[in-house]
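This report covers side-chain pairing and helix packing in one protein chain. The topics are salt bridges, aromatic rings and a helix crossing.

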Amino acid sequence: MPAQPFDVVDVKTSSSPSASSSERLHLTLAQAQRLQLAAQGLLRAPRRRARRADVVEAIARMRLLQIDTIHVVARSPYLVLHSRLGEYEPAWLDEALAQGKLAECWAHEACFVPAADYAWHRAWSVRRGTHWAHRHAERMHREQREDMDGLLERIRANGPVRAADFEREERGAASGWWSWKPEKRWLEAWFALGELMVSRRERFQRVYDLAGRVIAQLQPSFDAAPLGLEQDALRRRFILDAVRALGVTQARWIADYHRLKPAVTERELAPLVASGELIEVAVADWKVPGYVHAEHADLLAQASRGSLRASCTTLLSPFDPLVWDRARAQAMFGFEYTIECYVPAAKRRYGYYVLPILRRGRLVGRLDAKAHRAECVFEVKALYLEEGETPTPEWIADVAEAVAATARWHGTPKIRLGRCRPANVAAALRAHWRGKE
């Protein structure tokens with residue numbers, strides 16, 4: 001196996017029957033945290049410079065990469081990859097999509113997924129119809145069928161389009177689907193319904209084409225086998241994928257990963273434990289079982305021996321899989337987190353675009369950031385330590401280097417630091433950065 005820029009552990013599939021409660025492997029919470037970080041590619045710092053292929057591999061490891069268009073810093077998918085790969089070219093993500101190595105679909109939300117998994121997502125979208133985007137698109141088609149069908153025929157006859165190819169007659173202050181020009185809403189509706197796909201992006205703008213034409217370009221070639229599976233078989237696949245991506249999880253956290261409905265229960269997981277596809281574990285202070293994918297059996301053994309060591313310190317996107325589930329982040333890391341860019345300004349506690357700080361296996365703080373690209377300035381409006389954190393010299397060095405690494409990668413290497421809590425952290429961080437000049 002070639003060297004990877006992030007932590008990779010070779011694993012073997014276990015086919016052993018599930019253990020009784022007295023025979024379950026027991027983990028401390030810290031061991032469970034490291035297992036989850038290892039599964040997500042956030043346990044160890046990159047060990048070499050990233051390569052193009054690492055982008056697809058990182059997404060395959062997470063199973064999906066959520067898309068968000070806010071670019072106060074870097075757009076979320078690029079930042080999520082930076083947290084795992086370190087210094088890499090954001091254009092590699094765009095290239096992988098254009099080359100058919102990735103596809104876009106509705107999963108957790110709008111996401112990039114490996115091309116090899118796209119057939120599963122397409123089959124699932126046909127059978128569930130429960131995602132808000134799919135329901136909204138169906139209603140729009142019922143109400144605006146003639147216009148939507150006409151747009152689809154135009155693309156069939158003339159080829160791919162962008163929303164920017166259509167003029168907007170008026171502008172409003174609202175946001176969301178309802179404020180888009182009609183053609184943008186119709187394009188997004190056809191995308192949600194699966195008739196259109198995203199063939200590539202131009203400056204992050206979607207280029208839409210007929211699904212059949214995009215599917216024909218996927219690498220590896222599209223395997224239609226999942227389309228014939230029943231809903232239970234598809235649901236089982238996504239349950240297993242979520243457990244694998246999370247490393248270790250409670251049943252109640254599984255459904256959120258791919259927006260499954262209804263919620264996943266321990267009873268539903270029992271056959272997967274009995275078949276050896278999942279391993280049931282006990283985690284300290286959890287009143288319910290934890291679950292680990294059998295492919296992580298060796299990783300689980302390492303965690304239980306205490307041999308997993310966390311060395312990665314990095315800034316996380318607000319939409320990183322590690323923190324997007326508030327209940328999971330709270331239970332796993334004691335980290336209370338709300339994405340406040342959707343909260344009215346007067347009600348924000350920490351700021352508009354707040355990046356969690358991961359330091360050596362723990363979520364130790366957060367910072368409100370903004371990139372001023374024209375000035376090459378990375379502004380940290382405010383930085384907050386979690387209660388109980390002690391800013392030792394090693395702590396300062398780790399966090400200062402993580403901020404500087406993100407700033408350099410983003411092309412905004414000048415760091416402007418605002419207020420900190422506690423206040424004495426600011427002087428220590430500035431001193432570290434001055435010493436590196």
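A salt bridge is a side-chain nitrogen of Lys or Arg within 4 Å of a carboxyl oxygen of Asp or Glu. In this predicted model, a search of the whole structure finds 28 salt bridges.

**Salt bridges**

Three of the pairs are listed here with their N to O distances.

| Salt bridge | Closest N and O |
|---|---|
| E280 and R24 | 2.4 Å |
| D241 and R237 | 3.1 Å |
| E389 and R362 | 2.6 Å |

E280 and R24 meet through their side chains. Because E280 lies in strand 8 and R24 in the segment before strand 1 (25-27), this salt bridge ties together parts of the chain that are 256 residues apart in sequence. E280 has a relative accessibility of 17%, so E280 counts as buried; the cut-off for buried is under 20% relative accessible area.

The salt bridge of E389 with R362 also links distant parts of the chain: E389 is in the loop between strand 13 (377-385) and helix 15 (393-409), R362 is in strand 12 (residues 362-372), and the two are 27 residues apart. The burial of the two partners is as follows. E389 is buried, its relative accessible area being 13%. R362, at 41% relative accessibility, counts as partly exposed.

D241 and R237 both belong to helix 10, where they are four residues apart, so about one helical turn separates them. D241 and R237 are buried. The two residues also take part in a network of salt bridges that links R63, D117, R237, D241, R244 and E295.

**Charges over rings**

R237 has a further contact: its charged end sits over the ring of W120, 4.2 Å from the ring centre. Another such case is R366, which lies over the face of Y350 at 4.3 Å from the ring centre.

**Aromatic pairs**

A pair of aromatic rings is described by the distance of the centres and the angle of the planes. The structure holds 11 aromatic pairs. One of them is formed by W253 and W286, which are edge-to-face at 5.4 Å centre to centre, with 90° between the planes. W253 is in the loop between helix 10 (231-246) and helix 11 (254-258), and W286 is in the loop between strand 8 (278-283) and strand 9 (290-293); the pair links distant parts of the chain, 33 residues apart. W253 and W286 are both buried.

Y257 and W324 form a tilted pair, with 5.2 Å centre to centre and 45° between the planes. Y257 lies in helix 11 and W324 in the loop between strand 10 (313-315) and helix 14 (326-333), so this pair ties together parts that are 67 residues apart in sequence. Y257 and W324 are both buried.

Elsewhere, Y88, W92 and W409 form one aromatic cluster.

**Packing of helix 15 and helix 16**

How are the axes of helix 15 and helix 16 placed? The axes are 9 Å apart, and the two helices pack at an angle of about 65°, helix 16 being residues 424-435. Helix 15 passes helix 16 in a right-handed crossing. On the side of helix 15, the residues in contact are I396, A397, V399, A400, E401, V403 and A404. They meet V425, A428, L429, H432 and W433 in helix 16.

Key: Residues numbered from 1 in each chain as written. Predicted model: local features only at pLDDT ≥ 70, side-chain atom pairs only at ≥ 80, totals over all residues. Heavy atoms only, no water. Phe/Tyr/Trp six-rings, centres within 6.5 Å; stacked < 30°, edge-to-face > 60°. Buried < 20%, exposed > 50% of the residue type's maximum accessible area, 1.4 Å probe, protein only. Lys NZ or Arg CZ within 6 Å of the ring centre and 35° of its normal. Axes fitted to C-alpha atoms, helices over the stretch in contact; angles between N-to-C directions. Left-handed = near helix turned anticlockwise from the far one by under 90°. Contact = heavy atoms within 4.5 Å.
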